[in-house]
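Subject: Structure for your review

Dear colleague,

Please find below the structure that I am handing over to you. I would be grateful if you could keep it open while reading the notes that come after it.

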Amino acid sequence: MSFAIRLGRTLVLAALLILPPLVLAAQEPSAAAPLSLIPWPAQLTRAEGAFAIDARTVLVAGDGDTRATATWLAGQIKRRHGLDLRIVDKAGDGPAIVLRRDAKAALPSEGYLLDIDANGARIVARDGDGLFHGAVTLWQLLTQDDAKAGVPFVHIEDAPRFRWRGLMLDSARHFQSVEEIRVLIDQMALHKLNVLHWHLTDDQGWRIEIKRYPELTRIGAWRTPPGAGKDGEPARYGGFYTQEEIRAMVAYAAARHITIVPELDMPGHAQAAVASYPELGVTGKRPPVSVDWGVHTYLYNVDDATFVFMQHVLDEVMALFPSRYIHVGGDEAVKDQWQASPTVQAKIRALGLKDENALQGWFIARIGTYLKAHGRRLIGWDEILEGGVPADATVMSWRGIKGAVEAAQKGHDVVSSPAPDLYFDQLQSDRADETTGRIPVRDLASIYAFEPVPKELNIAQAKHVLGAQANVWTEHMPSIAHVQHAVFPRLDALSEVLWSPAAARDWKGFLARMPAQLARYRADGIAYADGAFAPSIDVDRNAALVSGKATVMLANQAGFGQLHYTLDGSTPTASSPLYAAPFETKLPTTVRAIAVDARGEPLAAPRERVLDVPGLLTRASAELPNCPGSDFRLRVQPTPDATSLAPAYNINIFDTCQRWPEARLDGIAAIHVEAARLERNYQLAHDAKLVVSRPASTAHGELVAHLDSCDGKVLASMPLPDPSGPRRFALNAQLPLQKGTHELCLIFTAPITGPLYGIERASLTPAKP
């Protein structure tokens, strides 16, 4: 195809790309051999043939910015394929990968052209961002088959749908090393995301060095965990990033065309700062750096001295982060301290404000004015709308999508980031082997189905939607393994939502491209979650108990791949029996299953289920749902800072009642429960009144089993051990003989001022013959 023809097509593409929403959609190749490009490009044409890259291939880069992208691409190729490609200024007669920036090219911002034919590969872009994105696409083509360093002949015209394609990392609750964050940045770049929103301060830690205020990191960066020094809990937890480290991180991200947007939360989530400098708080008293999750009551003061502090801090922050946006938080600022302070109340009257919400609006506006005077722009969570904010403030909508609608209708730019839809601390599956997080589940399919532009907005209002981001809140993610498990592969779905034309989204096509992407993760050592593809092994427990035979049903969450299984104890492979329909097997037996792709490669680790009487009479924590009355549910580990992925316990911090549905009690003589004592490290502010108190009958409380309902007949009461003893323990009790199928209600009656308790698994024991 001649350059003139390509340019003509590019002009059409550019014209369409400026219209909201993007309307061009690429036709994906046949499912038999899909190109594993994620996100899928705006337009792709595939031809017969492939360009083989070998040691003779050169990278052509004519200027400094282009050379930086060429250097990155050469490093990726060397790391994966062992080829050390030379970077030259001009192409010769041999095979070449040519990178060219053309400021006059009729391409949208961040857009690129990629042509691959027998002569090599050529990437053209108007700006450095587009050139880098084109290099990422070429890299993906190079890594969809590790057996050879070759790329298919293609013509791609591409540009993003949204300009804000973000991921928020919370480093305040749990601290990640510089190298761990760099790995995350690398993966963001490979997904064409361009904003890392970095949450650096909160009640549980202040993570950014401010040279003018050294106490912020000497005191505020460290906390003493509950149970410090016991059960693997560190005696002191924390850390911070030096300014030198932050400058290096910003540069590292910028080299991958990612902007880091820092967040310093205000006026709430301020306990770590007030612990460092008590005069910043409303009461003047020094609290500890918090060890609790949840909503705290510590606010910044509103006097001039506090704003001098804020301005000094922002001066150092702006010197470190060149980002146009500075995130000021603004969420969950419980106003109790302001309401109780005569000084603050006098300030409200002196300013002629209506109430504390208006005071927060005044506070945020004052910060926004300071940022604007320094060429920056304020962005905050959607609560900033409640007190009124400057017209140029950008709103990040997290309490559902309502904040985005309200903000856009008022003329504010918005970033869609709703909970629970794009909260990556939500569990990816309800499997018993899932690790920690919040419930309800937000699986791969739900992320892929998310639409950043609310349907309530008209065309003019929709233009205010800059894009969207997913949030990685780390209360329940103590290690980078937890973070990677939460982020991947859901980041693939997010990237396609934010980059690809809405009309190009195709769930089945996306799944067909995932096997190669999972292989990339394995090659890069990314600890991704495989729950979307892992087989579930389901049976009707009670029918099996009665008949001595189980009808086995296999499936996986994504509905993708072939399922194979064994019944002889061997590890299943693609040559094992193929699952086509439910099958019957006698008890006892062990079913092992695996999901594989079209090439027979595993999509997830094999899963196993033992089908025998003890197993059928056992429920894991995830299989014991809440009792009626409260939908709140968390999956947590034994200690707040445990770095292993298991064990994990499903709990409800508002009501300690769980159900065992359809328990077959014929011939059952006893109950056995494996449980754990958990820290009650949650601050609930005004929601504390929702906690259900269930008075204890013994010194430390008990686990009570009721029949049929939570106020039904008591079948057993099992006293809890002294909290000074081992964290994990077993409870046992005899049960009066019953007949038929019933619901069991399991309630911990320990005082709500003491520990929480979680069930790891519960088992019923038949009477001996």
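The notes below describe a barrel of strands, the helices that lie on it, and one pair of packed helices. Please bear in mind that this is a predicted model.

I begin with the barrel. Strands of a sheet pair through backbone hydrogen bonds, either parallel or antiparallel. Here 8 strands close into a barrel with parallel pairing, and their order is β8-β9-β14-β16-β17-β18-β19-β21. From one strand to the next, the twist averages 30°. As an example of the pairing, strand β16 (residues 325-329) runs parallel to strand β17 (residues 377-381), and 3 bridges join them. Ile326 has Leu378 in β17 as its bridge partner.

Helix α12 (residues 402-409) packs on the sheet, where it touches β18 (394-397) and β19 (414-416). The direction of α12 makes about 160° with that of β18. Helix α16 (residues 490-499) lies across β8 (164-170) and β21 (465-472), and it runs at about 150° to β8.

Turning to the helix pair, helix α4 (residues 178-190) packs with helix α6 (residues 243-255) at an angle of about 15°, and their axes are 10 Å apart. Because angles under 35 degrees count as roughly parallel, α4 is described as roughly parallel to α6. The crossing of α4 past α6 is right-handed. On the α4 side, Val178, Ile181, Arg182, Ile185 and Asp186 take part in the contact, and they meet Glu245, Ala248, Met249, Tyr252 and Ala253 in α6. The residues of this contact comprise 7 nonpolar, no polar and 3 charged.

Yours sincerely

How values were computed:
Residues are numbered from 1 along each chain as its sequence is written. This is a predicted model: local features need pLDDT of at least 70, side-chain atom pairs count only at pLDDT 80 or more; totals for chains, interfaces and linings use all residues. Side-chain values use heavy atoms; hydrogens and water are left out. Axes are lines fitted to C-alpha atoms, for helices over the stretch in contact, and angles run from 0 to 180 degrees between N-to-C directions. Helices (H or I, at least four residues) and strands (E, at least two) are DSSP runs, numbered from the N terminus. Angles under 35 degrees count as roughly parallel, over 145 as roughly antiparallel, 65 to 115 as roughly perpendicular and the rest as oblique. A crossing is left-handed if the near helix is turned anticlockwise from the far one by less than a right angle, and right-handed if clockwise. Contact means heavy atoms within 4.5 Å. Ala, Val, Leu, Ile, Met, Phe, Trp, Tyr, Cys and Pro count as nonpolar, Asp, Glu, Lys and Arg as charged, and the others, Gly among them, as polar. Two strands pair if DSSP finds at least two bridges between them.
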